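Work through the exercises below with the model open beside you. Try each task before reading its solution.

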Amino acid sequence: MKFISTRGGEKVTGAQAIVKGLSDNGGLFVPEKFPQVSAEELDEMIGMSYPERAAKVLYKFLDDYDEKELLSACEAAYAKFEGDDPAPLVKIKDGVYVLELFHGPTCAFKDMALTVLPYLLRKGCDICGVEEQILVLVATSGDTGKAALEGFKDAKGIKIMVFYPDDGVSSMQKLQMCTQEGKNVNVVAVKGNFDDCQTAVKNIFNSEECAAALKEHGTLLSSANSINFGRLAPQIAYYFSAYLDLVSSEQIEMGQEIDFCVPTGNFGNILAAYYAKRMGLPVRRLHCASNMNNILTDFLAKGKYDVHREFYKTMSPSMDILVSSNLERLLFEVSGRDFKLTAERMKKLKEDGVYEITEEERKAIAEIFDGGFADEDEVVETVYDLFCDTGYTMDTHTGCAMKVANDWAHKNKKDTTKMVVVSTANPYKFPQDVLYAVTGNDVRDSFKGIKRLHAATAMAVPKSLATLRDKPIIFKTTVTRDKMFDEVLKFVK
Ligand SMILES: *Cc1c(COP(=O)(O)O)cnc(C)c1O
């Protein structure tokens, strides 16, 4: 399987796509065509473990890797998760299920991919004969940073550096990152919001000057952000797994279509669902859930992407994003894989902050995607209502998705299609907000939040969060955007 750039010009192997992260002209790597999973293969996958299902999906794209090795890598990655099942499906009520993707080492869905990516990157470098030291550079809205640090810590021949927006992440997320252990890690705060931070990191990636400076130190840049195909591929697997779990638990018949509702920021998670559908998984509709930063809701309704709008800091910080990088991959598909048009639109987005798609394209997207959002009060109400009705506790990101799923059910009372709401974080990762939603109590301190949330819900506290309080703060640097590359150079010297 070969990969091409959404902006044309390049054709690379899977290993190359993962090592490079971004194509030379700034485009994202996409598979030359979507590999298919046949009905017989789906049947075979029912009896498989999660790592086996994941390895099977990965190998469909990454056939330049060794299939057995992919399996051992997936087994090792998902052994780091709490419980027997890395992606359990929980039935909430008739026809509604929650796919819990937060049982990994850092309690957010990013672990699903970032526990596997270090293997994909290390092996990718070996396949490509890369001899330089690799520097993984990450811009994070909170959860990616910690998951990447945890995944890459002490990896051979790889250094990892994470930039996060100074006041754009939750206190728990900040603490998780700033206490990170490992010999090859670095964490730096940047003044500004996530989009500023992400843009600055992208500029480093696109700069020949930066590449040359790093080369002098024997260093090559790579990305662990969700634009890297190595992030996307392991995410496709859990959509297959959720579907197979519905079949094996006799909730649906094999072949019956289902819906997914996904809390969305950078459009990576929901894009993986779209890829699963394109590979033949029986998926009907995809519901794209946002918070008050509802630029995607507007885009799906109007066909116009416009970043000139207020930016809100919400209780679901991992979705406080205005420029959803992975949308480029969907645009590329609906434009009929038009490289030139995709490149033009991305140029317009960069220069003017706005682009439009045609009405025909908008309709094509609307055949699969719906958009919706939840404001802050609605998130609180949704988390509270579900807790009261069923005893199930969700985090604030999942709350956005549940609200959007509820709205859909309300508007389509006769629709019997099963809805899987994707849950992206453990409630204890956002303890104050979830506590407030569930009990109305407002506490300042995260650990008090954890204690009281535990008292209110009796839900188990993940070990990695419970022990955070006693860890020393290792990283304290804050810089402005123009000083980021200086920090990079200091780190690789
Ligand atoms: C990253 C993240 C999201 C958004 O996922 P995208 O792939 O960026 O759309 C949603 N919820 C949580 C908890 C996250 O960490």
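**Exercise 1. Classify Thr 396 by burial, then describe its surroundings.**

Step 1. This is a predicted model, so every value here is computed from it. Thr 396 has a relative accessible area of 1%. The cut-off for buried is under 20%. Thr 396 is therefore buried.

Step 2. Place the residue. Thr 396 belongs to helix α18, which covers residues 396-411.

Step 3. List the contacts, setting aside neighbours within four places in sequence. Thr 396 then touches Met 315, Ser 316, Val 379, Phe 430, Asp 433 and Val 434.

Step 4. Look for a polar partner. The backbone oxygen of Met 315 lies 2.8 Å from the side chain of Thr 396.

Step 5. Relate Thr 396 to Phe 194. The two are 202 residues apart in sequence, and their C-alpha atoms are 18 Å apart in space.

**Exercise 2. Describe helix α9, from its cap to its packing.**

Step 1. Begin with the N-terminal end. Asn 193 caps α9 there, with a side-chain oxygen 3.0 Å from the backbone nitrogen of Asp 195.

Step 2. Check the length. α9 has 13 residues and spans 18 Å from first C-alpha to last. That is close to the 18 Å expected at 1.5 Å a residue.

Step 3. Pick out the buried residues. In α9 they are Phe 194, Asp 195, Cys 197, Gln 198, Ala 200, Val 201 and Ile 204.

Step 4. Find what they pack against. The strands are β6 (133-139), β7 (158-165), β8 (185-190) and β9 (219-223). The helices are α10 (208-215) and α22 (484-492).

**Exercise 3. Which helix gives the most to the lining of the largest pocket?**

Step 1. Take the volume. The largest pocket holds about 630 Å³ of space.

Step 2. Find the centre. Of the 28 lining residues, Arg 7, Lys 202, Met 346, Leu 349 and Lys 350 are the closest to it.

Step 3. Compare the helices. At least two lining residues come from each of α9, α14 (327-334) and α15 (339-352). The largest share is six residues, and α9 supplies it.

Step 4. Sort the lining by class. It has twelve nonpolar, nine polar and seven charged residues.

**Exercise 4. How many cavities of 30 Å³ or more does the structure hold, and what lines the largest and the second largest?**

Step 1. Count. A search of the whole structure gives three cavities of that size.

Step 2. Take the largest. Its volume is about 270 Å³. It is lined by 27 residues, and those closest to its centre are Phe 109, Lys 110, Gly 265, Asn 266 and Ser 318.

Step 3. Assign helices to this lining. α7 (143-152), α11 (229-248) and α12 (268-278) each give at least two residues. α12 gives the most, with three.

Step 4. Sort the largest cavity's lining by class. Ten residues are nonpolar, 14 polar and three charged.

Step 5. Turn to the second largest cavity, with a volume of about 80 Å³. Its lining includes Ala 139, Ser 223, Asn 266 and Ser 325. Gln 198, Val 201, Lys 202 and Phe 205 are also among the lining residues. Helix α9 gives the most here, with four residues.

Step 6. Sort this second lining too. It has four nonpolar, six polar and one charged residues.

**Exercise 5. Examine two residues with positive phi.**

Step 1. Recall the background. Most residues other than glycine have a negative phi.

Step 2. Take Glu 250. Its phi is near 60°, a positive value in a residue other than glycine. Glu 250 sits in the loop between α11 and β10 (258-263). With a relative accessible area of 72%, Glu 250 is exposed.

Step 3. Take Arg 337. Its phi is positive too, at about 60°, and Arg 337 is not a glycine. The loop between α14 and α15 holds Arg 337. Its relative accessible area is 21%, so Arg 337 counts as partly exposed.

**Exercise 6. Locate His 103 and name its partners.**

Step 1. Place it. His 103 lies in the loop between β5 (96-100) and α5 (111-114).

Step 2. Find the polar contact. The side chains of His 103 and Glu 100 are joined at 2.8 Å.

Step 3. Add the contacts beyond four places in sequence. For His 103 these are Phe 81, Glu 82, Pro 86 and Pro 88.

Technical notes:
Residues are numbered from 1 along each chain as its sequence is written. This is a predicted model: local features need pLDDT of at least 70, side-chain atom pairs count only at pLDDT 80 or more; totals for chains, interfaces and linings use all residues. Side-chain values use heavy atoms; hydrogens and water are left out. On a 1 Å grid over the protein atoms alone, a cavity is a set of points where a 1.4 Å probe fits but cannot get out, and a pocket is an open set with protein on both sides within 12 Å along at least five of seven lines; lining residues have an atom within 4 Å of a point. Grid points are joined across faces, edges and corners, and a volume is the space filled by probe spheres set on the points. Ala, Val, Leu, Ile, Met, Phe, Trp, Tyr, Cys and Pro count as nonpolar, Asp, Glu, Lys and Arg as charged, and the others, Gly among them, as polar. The expected span of a helix is 1.5 Å times one less than its number of residues. Buried means under 20% relative accessible area, exposed over 50%, partly exposed in between (1.4 Å probe, protein chains only). Contact means heavy atoms within 4.5 Å. A polar contact is a pair of N or O atoms within 3.5 Å; within protein, one must be able to donate a hydrogen and the other to accept it, and residues adjacent in sequence count only if both atoms are side-chain atoms.
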